[in-house]
Amino acid sequence: MPAFPQQYTSTVSHWQATNRGPGSLWDHGRNDVLPADADIVIVGAGVTGVSLAYHLTRPGMKKRKVVLLDAKDVASCATGRNGGHIGPASWDVMGNLIKPLSQGGGGVSEEDALDVLFFEQDTLDLCEVIVMRERLDVDFWRGYRLNVATTPEGVEESKQTLDAYHRAMKRSAKHGHRHLDSSAIFDAAEAERISRVKGALAMKWTPSGSWHPHRGVTALLKKALENKDFSFYSWAPVASLKEYRGGWTVDCAERGVIRSKQVVLATNGYTRHLFPDDFAANTGIAAHLTPYRGHAGLVVPPVTYAGDKSLEGSYGIENGPYLIQTPHAGVVLGPFNATVVNTFGTPRDLYGLEDDSIVVPKFREWLTNYCRENYVGWGPEVEGEGLARAWSGIMCHSVDWRPLVGEVPGKAGMFISAGYNGHGMATIVNITRCLAQHLVTGVRDERLPRCFDISQERLDRAAAECLPLLPPESKL
Ligand SMILES: Cc1cc2nc3c(=O)[nH]c(=O)nc-3n(C[C@H](O)[C@H](O)[C@H](O)COP(=O)(O)OP(=O)(O)OC[C@H]3O[C@@H](n4cnc5c(N)ncnc54)[C@H](O)[C@@H]3O)c2cc1C
């Protein structure tokens, strides 16, 4: 069954609620007639589809007729309902990513993990360059993320991954010369004093950023729309894709059909619906990419955390949230998957869920209480302070912890970029820069980490070795 048209009404995030003015792009192209043909059709207008369109339409890129379609509005799914955090990976990639697939890791080499680490650091730089170059008014902030460990196991893991990172850098011919701008404190009292997180045992700083994702993606889309060879149609759900000699037929039901030489699926958590055979059999792309539901909220702090007492960085807190400080509204936070699974939920609260129309009460309660219970001296919240809004959104888990990027094996001219494990803001703008080059030149862009490539061998290996997300009897 297709995911769209959606059978429910999604929750509204802080970002969607605060980008409703005349400069926003709600309903753009909703009533326009779709073109009959294109060179490239991009399905999905989240940050993947929009930033790809942005890169494809830059001056100097080879002329192409590019069409962007979305089942709903721009940034109406994960992109418009996320945490706003652009938090590149740091030495923690030396934990999960290099662990074998059979132990729940990414199964990649040390060098592959360093590729990912520096690609993500470069993504933050690229986001900043684009925001500055285009003079985008999108609340872009750049600073440091405080990663706070709250258990002895978390401290130990941080130490081990730091050592592993240093060892890997010594051995790396490709990255050994690079520098990760970061530091760590393993003194509990200092960690609590600096982070202001009760019970902090250790912390590290690494480069980080944030933006207003709905305004950010809308601004990139407007830039793309300045190019006359590009068009965007909202409320155009793609029902199916069929191969023909020379390209793909993109069927949008009553909106019409487009024939395109290339098609790119920027559909993240909903991708499996465009592979109905794989979905039915739980194989291939559909088995590799699993949707899951996250929650987030906007908290208005009391004056004890306002003005010069505001939080200075963004945060990642063990058994707690990822969190950013917005310039005006307060903080946006949400629980990590590990927090859900380890402290107040189960994998069933996450995986296989595609309905973003609800806020589950236990998540609302957690969002309500987290800051007041865990930040030192947060103080009482008066009416109008505290949790102001909560929402849910659908992300995409890739079983081997790496996005699938590139041409789909056995389907010439069909490309995917999806499966960011709730971390897409730190990779996508850079991935799509590489993908745009690949689409236009026909040659893979060597800046893209090799371990993101899609191959039949990768899909088969993951299917054979990865651990199930849920007990075997549960259907995702
Ligand atoms: C609660 C929450 C918090 C998050 N916090 C962070 C964070 O702080 N930092 C971070 O890096 N990442 C975060 N993420 C993840 C991040 O938002 C995603 O990685 C990123 O937005 C993915 O972008 P996307 O464009 O690939 O997917 P999406 O934004 O989901 O876009 C996919 C688009 O495809 C469209 N689509 C799907 N199927 C079809 C079809 N058949 N026809 C037409 N259109 C279709 C959808 O309508 C949608 O607009 C969070 C996500 C959530 C939900």
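This report describes two helices, the ligand surroundings, the cysteines and several individual residues of a predicted model.

Residues are numbered from 1 along each chain as its sequence is written, and side-chain values use heavy atoms, with hydrogens and water left out. Because the model is predicted, local features need pLDDT of at least 70 and side-chain atom pairs count only at pLDDT 80 or more, whereas totals for chains, interfaces and linings use all residues.

## Helices H11 and H12

Helices (H or I, at least four residues) and strands (E, at least two) are DSSP runs, numbered from the N terminus. The expected span of a helix is 1.5 Å times one less than its number of residues. Helix H11 covers residues 361-374; its 14 residues should span 20 Å at 1.5 Å a residue, and its end C-alpha atoms are 20 Å apart, in agreement with that value. A kink of about 30 degrees is nevertheless present in H11, centred on Thr-368. The bend at a residue is the angle between axes fitted to the seven residues ending there and the seven starting there.

Burial is assigned from relative accessible area: buried means under 20%, exposed over 50%, and partly exposed in between (1.4 Å probe, protein chains only). In H11, the buried residues are Phe-363, Trp-366, Leu-367, Asn-369, Tyr-370 and Cys-371. Their cover includes strands S11 (289-300), S12 (314-317), S13 (321-325), S14 (331-335) and S15 (386-398), together with helix H10 (337-344).

Helix H12 (residues 428-441) also has 14 residues. From its first C-alpha to its last, H12 reaches 20 Å, close to the 20 Å expected at 1.5 Å a residue. H12 is largely enclosed by the rest of the structure, because 11 of its 14 residues are buried. Among them are Ile-428, Asn-430, Cys-434 and His-438. Elements covering the buried residues of H12 include strand S1 (37-43), helix H2 (47-56), helix H4 (110-133) and strand S10 (257-265). Just after H12, Gly-442 takes a positive phi of about 80 degrees.

## Arg-444 and Trp-141

Arg-444 is found in the loop between H12 and helix H13 (456-465). With a relative accessible area of 16%, Arg-444 is buried. Contact means heavy atoms within 4.5 Å. Not counting residues up to four places away in sequence, Arg-444 touches His-438, Pro-449, Arg-450 and Asp-453.

Trp-141 belongs to strand S4 (residues 141-149) and is partly exposed, its relative accessible area being 25%. Leaving aside residues up to four places away in sequence, Trp-141 touches Ser-208, Gly-209, Ser-210, Glu-312, Gly-313 and Ser-314. Trp-141 and Gly-334 are 193 residues apart in sequence, and their C-alpha atoms are 19 Å apart in space.

## Ligand surroundings and polar contacts

There are 37 residues around the ligand, of which Thr-48, Asp-70, Thr-79, His-85 and Val-238 come nearest; a residue is near a molecule or strand if one of its heavy atoms lies within 4 Å of it. A polar contact is a pair of N or O atoms within 3.5 Å; within protein, one must be able to donate a hydrogen and the other to accept it, and residues adjacent in sequence count only if both atoms are side-chain atoms. The table lists polar contacts of the ligand and of Arg-444.

| Partner one | Partner two | Distance |
|---|---|---|
| Ligand, oxygen atom | Thr-48, side-chain N or O atom | 2.7 Å |
| Ligand, oxygen atom | Thr-79, side-chain N or O atom | 2.6 Å |
| Ligand, oxygen atom | Met-425, polar backbone atom | 2.9 Å |
| Arg-444, side chain | Glu-446, side chain | 3.4 Å |
| Arg-444, polar side-chain atom | Pro-449, backbone oxygen | 3.4 Å |

## Cysteines

A disulfide is a covalent bond between the sulfur atoms of two cysteines. Here the criterion is a pair of cysteine sulfur atoms within 2.5 Å, and a search of the whole structure finds zero disulfides. For Cys-127, the closest cysteine sulfur is that of Cys-434, at 13 Å, which is too far for a bond. For Cys-451, the closest is again in Cys-434, at 12 Å, also too far for a bond. Cys-127 counts as buried at 6% relative accessibility, and Cys-451 counts as buried at 6%.

## Backbone geometry

Most residues other than glycine have a negative phi, and most peptide bonds are trans. A cis peptide bond joins Phe-4 and Pro-5, with omega about -5 degrees; Pro-5 lies in the segment before helix H1 (14-17). Asp-27, in the loop between H1 and S1, has a positive phi near 65 degrees and is partly exposed at 39% relative accessibility. Ala-75 has a positive phi near 55 degrees and lies in the loop between strand S2 (66-69) and strand S3 (85-86). Ala-75 is buried, with a relative accessible area of 1%.
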